[in-house]
Amino acid sequence: MIVIMQAEATTREKSAVIARAEDFGFKVHLSDGKERTIIGIIGDDRVINREQIERMPGVERVVPILKPFKLASREFKGEDTVFPLGDHTIGGKEVLVMAGPCSVESRTQIIETAIACKEAGAHVLRGGAFKPRTSPYAFQGMGEEGLKYLAEAREITGMPIVTEVMEPALVPLVCEYADILQVGARNMQNYALLHAVGESQYPVLLKRGMSSLIEEWLMCAEYILSHGNTRVMLCERGIRTFETYTRNTFDINAIPVAKHLSHLPVVADPSHATGKWEYVAGAAKAAVAAGADGLILEVHPRPEEAMSDGAQSLKPEKFAKLVVEMRAIAQAVGRDIMP
Ligand code: PEP
Ligand code: MN
C-alpha cells in the first residue's frame with residue numbers, strides 16, 4: 001500500500017508511520033516529492049491494518065496497490081522516473097540512443113565502432129563481452145578482455161557503456177568496467193541475477209524475455225527495485241510468434257503498455273526485434289513514435305564480418321541517417337534526440 005502524507009506533515013509524523021510499518025516487518029520506500037511525501041509499504045498486506053495507518057497523525061490517505069508489481073507501478077509513483085546516464089538523461093524529454101556492436105570482437109573493432117556511433121549521434125555505447133549464444137560452439141564473447149576494450153572506448157568517446165552480465169558471480173567484475181548492466185532476454189527470470197544487479201545499485205537495462213508476459217517482465221523489474229535500486233530501464237526486444245520472416249516480432253504495444261503501467265523508462269531494441277538490418281529503421285522510428293524513452297541499436301562497420309548478429313547490424317552510415325530520421329519523429333511527438 002502507499003501512504004500519502006498531508007502536505008504539512010512533520011518529519012516526526014513521517015518517521016512514526018515508517019516505524020510502525022517496520023515494526024510489522026515491512027520494507028519501506030520513501031518518496032519525498034516536491035509537494036508531499038509518499039511512503040510505500042511493501043510486503044504482504046494481510047498482516048498490516050490499513051485503518052491503523054490511516055488514523056495516524058499527518059496521514060492524508062492510504063491507497064492499496066492492486067497490481068502485483070508494486071515499486072514498478074504507476075500507482076506507487078505517478079511521475080516518470082528520470083535519471084542521468086553520462087551527459088544525458090533517460091525517461092525525460094530526451095530520447096536516448098545506445099548503439100554499438102552485438103559483441104566486442106577486438107580492440108580496434110570496438111574503438112572504431114564507438115567513434116563512428118558517437119559521430120552519428122549515439123549517447124551510450126553497447127557491446128557484449130559475455131554473450132548468451134544458442135550454440136555452445138558459437139563465439140561466447142571476449143570476457144574481461146572485451147570489458148577492458150569497452151572501457152578504453154569510453155575513455156576515447158566519453159560514452160558510458162552498457163554490457164550484458166550473465167551470472168551473479170560476474171556482477172562485481174562487470175561493474176568494474178561498465179556503467180549500465182544489461183540483463184539479457186534469456187536471463188530475464190534469472191532471479192539470483194536480478195537480486196545481484198539490484199544489490200549492485202548500477203543502472204540496469206532489463207530485456208523482456210522472448211516468451212514473457214509484460215506482467216512477468218514488470219515483476220522482474222520489481223526484484224531489482226526491491227533492493228532499493230531505482231535505476232531500471234525496461235527493454236522491449238521482440239517476442240516469439242509464429243512469424244518467421246523476422247527473427248522476433250516487435251511488440252510495439254509493449255511500449256505504451258509498459259509506460260502506462262510503470263513509471264520506469266522504456267527502451268526499444270529494434271535490432272533483436274527484427275533480426276534483419278533492412279527492417280531495423282522502420283521499427284526504430286515506430287518505437288520513437290510509440291513513446292520509447294531510448295533505443296538500443298546494433299551497429300557494425302563491416303556487418304558481413306561480425307562474429308554475432310551481423311544480419312541485423314546497421315553500417316555506421318545507415319545508423320547516422322536513422323538518427324536524423326528518429327530526431328524528426330521525436331520532435332513531432334514533443335521529444336528530442338540530443339546531438
Ligand atoms: C544482445 O543485446 O546482444 C542480446 C543478446 O540481446 P537479447 O538478450 O535481447 O537477445
Ligand atoms: Mn545481439
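Contact, as the word is used in these legends, means heavy atoms within 4.5 Å. The structure shown is a predicted model.

**Figure 1. Surroundings of T37 in strand β3.** T37 is found in strand β3, which spans residues 37-42. With neighbours within four places in sequence left aside, T37 is in contact with V3, I4, M5, K14, L30, S31 and D32. One of these residues, K14, also takes part in a polar contact, its side chain meeting the side chain of T37 at 3.0 Å. The relative accessibility of T37 is 3%, so this residue counts as buried.

**Figure 2. The nonpolar cores.** The largest nonpolar core holds 77 residues, and V197, L206, L234, L295, L297, F319 and M326 are those that touch the most other members. Helix α7 (residues 214-225) supplies the largest share of this core, with seven residues. A second core, separate from it, has 15 residues, including M5, A9, I41 and I53. In soluble globular proteins, nonpolar side chains tend to be buried together.

**Figure 3. Helix α6 and its packing.** Helix α6 covers residues 191-200, and within it L193, L194, A196, V197 and G198 are buried. The elements against which the buried residues of α6 pack are α5 (171-177), β10 (180-183), β11 (204-207) and α7. For V197, the residues touched are V165, V171, L181, V183, Y202, V204, I224 and N229, not counting residues up to four places away in sequence.

**Figure 4. Q201 at the end of helix α6.** Q201 follows α6 and lies in the loop between α6 and β11. The phi angle of Q201 is near 65°, a positive value in a residue other than glycine. Because its relative accessibility is 33%, Q201 counts as partly exposed.

**Figure 5. The manganese ion (ligand 2) and its protein donors.** Four protein atoms act as donors to the manganese ion: SG of C102, NE2 of H272, OE of E298 and OD of D309. They lie 2.0 to 2.4 Å from the ion. Along the sequence, the spacing of the donor residues is C-x169-H-x25-E-x10-D. C102 belongs to the loop between β7 (96-100) and α3 (107-120), whereas E298 belongs to strand β14 (residues 294-298), so this pair ties together parts that are 196 residues apart in sequence. C102 is buried, at a relative accessible area of 3%, and E298 also counts as buried, at 1% relative accessibility. D309 is found in the loop between β14 and α11. The phi angle of D309 is positive, about 55°, although this residue is not a glycine.

**Figure 6. H300 in the loop between β14 and α11.** This view shows H300, whose place is in the loop between β14 and α11. At 4% relative accessibility, H300 counts as buried. Its side chain makes a polar contact of 3.0 Å with the side chain of E105. Neighbours within four places in sequence aside, the residues in contact with H300 are P101, E105, Q109, A306, S313, L314, K315 and P316.

**Figure 7. The site of ligand 1.** There are 13 residues around ligand 1, and R126, A185, R186, K207 and R237 come nearest. Three polar approaches to oxygen atoms of the ligand can be followed in this view. A polar side-chain atom of Q182 is 2.9 Å from an oxygen atom of ligand 1. From A185, a polar backbone atom is 2.8 Å from an oxygen atom of ligand 1. The side chain of K207 has an N or O atom 2.9 Å from an oxygen atom of ligand 1. On its own, ligand 1 has 300 Å² of accessible area, of which the protein covers 98%.

**Figure 8. D336 in the segment after α11.** D336 is found in the segment that comes after helix α11 (316-332). D336 and G92 are 244 residues apart in sequence, and their C-alpha atoms are 9.7 Å apart in space. When neighbours within four places in sequence are left aside, D336 is in contact with K93, E94, V95, R327, A330 and Q331. The relative accessibility of D336 is 18%, so D336 counts as buried; the cut-off for that term is under 20% relative accessible area.

Conventions. Residues are numbered from 1 along each chain as its sequence is written. Chains are lettered from A and ligands numbered from 1 in the order in which they are written. This is a predicted model: local features need pLDDT of at least 70, side-chain atom pairs count only at pLDDT 80 or more; totals for chains, interfaces and linings use all residues. Side-chain values use heavy atoms; hydrogens and water are left out. A nonpolar core is a set of buried Ala, Val, Leu, Ile, Met, Phe, Trp, Tyr and Cys residues joined through side-chain atoms within 4.5 Å. Buried means under 20% relative accessible area, exposed over 50%, partly exposed in between (1.4 Å probe, protein chains only). Helices (H or I, at least four residues) and strands (E, at least two) are DSSP runs, numbered from the N terminus. Donors are N, O and S atoms within 2.8 Å of the metal (3.2 Å for Na, K and Ca); water is not among the atoms, so sites may look incomplete. A residue is near a molecule or strand if one of its heavy atoms lies within 4 Å of it. A polar contact is a pair of N or O atoms within 3.5 Å; within protein, one must be able to donate a hydrogen and the other to accept it, and residues adjacent in sequence count only if both atoms are side-chain atoms. Accessible areas come from the Shrake-Rupley method with a 1.4 Å probe; for residues, only the protein chains shown count as cover.
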